[in-house]
Amino acid sequence: MTVDSVNPGADGGRIDHPALPAAAAAIDRMLVLGGGYTGRRLALALEAAGVPVLLSHRQPAPPGDARGWLHFDPDQGALPSQADLAGVSHVLVTIPPDAGGRDPVLESLETRLRQLAPVWVGYLSTTGVYGDTGGAWVDETSPTRPLLERSQARLACEQAWRRSGLPVQLLRLPAIYGPGRNPMVSLRNGTARLIHKPGQVFSRVHVDDIVGAVLHTIALSPETRPDTLILADSFPCPSSEILGMAAHLLGCRLPEVQRYDDVAAAMGAMARSFWSENRRASSRRLRDDLGYRLLYPTYREGLASCSGDFF
């Protein structure tokens, strides 16, 4: 598999995780369903370690070297055959619910996945399944009370995966950032907004800590692997705080501060939903119980690692 076939465009630098050798030794062939930001990042790390990887795309393979390219678009009837998936031992699903709120992977591939008998299936979900806690901490034992329709769909998909009987591990994520997707980008392109909402905080996770945590859990023995895991850094904070550091790193001015109450009515529905929930997501189980050491414990280390994209 070539880098171009896995991740067209910039790869954000070499991805090297402490758990990579052990995870690579455990994987016969990796299937990553969803060739987006996080899926490509994991595929790059594994490919660099010599692990055979299948990465799904909604488009047919381009001319030339199409090794590792899997055409998967259930809406158009583009489904892999059992032969395409031969040898897959581990699966990561990054694809969101479809327009009807159902899981497109289970809807179209459940039988084939069962026939593969994978030893691990990771499903990337969201901490949105916990709903609004008024800024209180949530962990894997907290009740799920999703308020947003998209989070309700995620919870329904989680439950469908649990019912599948496959060896599923649910990985719940807050906001994802990393190379090419961070506040410095929005400051540079003029789309950043400095909004103040008293008491509002957000949790986040660097994309390479998602990759690192996935590799770390794959390397664990099955009996020590929890079925649900939150992947988040250890420092939830207001969005204004991380935007302030982004401006400092770039040496540029912050946009004018806006009060949330003054601008909420003019926001789109997606933006308002982003601000409608307030919670802190704890990854203590990942860090303390499973021994994963965050590459980027806070946004400070994570954002600084992305600054090389601009200089």
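Trainee: Which residue in β2 does L31 stand opposite?

Mentor: Keep in mind that we're looking at a predicted model. β1 and β2 pair up in the parallel sense, over three bridges. Across that pairing, the residue of β2 that stands opposite L31 is L54.

Trainee: And how does the chain get from β1 to β2, and what hand does that crossover have?

Mentor: Follow the chain out of β1 and you go through α3 before reaching β2. That makes a β-α-β crossover, and its hand is right-handed.

Trainee: Is β2 largely enclosed or not, and why?

Mentor: Check both ways its residues point. V53, L55 and H57 point one way and L54 and S56 the other, and all are buried. In a regular strand, side chains alternate between the two faces of the sheet. Since five of the five residues of β2 are buried, the rest of the structure leaves this strand largely enclosed.

Trainee: Which residue in β3 stands opposite L55?

Mentor: β2 also pairs with β3, residues 69-71, in the parallel sense over three bridges. In that pairing, L55 stands opposite W69.

Trainee: What about the largest nonpolar core: which element gives the largest share?

Mentor: That core has 33 residues, and M30, L42 and L46 touch the most other members. Several elements supply at least two residues each, including β1, α3, β2 and α7. The largest share, six residues, comes from α7.

Trainee: How many residues are in the second, separate core?

Mentor: L31 turns up again here, as this core includes L31, L85, C157 and L170. Its total is 22 residues.

Note on methods. Residues numbered from 1 in each chain as written. Predicted model: local features only at pLDDT ≥ 70, side-chain atom pairs only at ≥ 80, totals over all residues. Heavy atoms only, no water. Core = buried A, V, L, I, M, F, W, Y, C linked by side-chain atoms within 4.5 Å. Buried < 20%, exposed > 50% of the residue type's maximum accessible area, 1.4 Å probe, protein only. Helix = DSSP H or I, 4+ residues; strand = E, 2+ residues; numbered from the N terminus. Pairing = 2+ DSSP bridges. Right-handed = clockwise from strand over helix to strand, strands pointing away.
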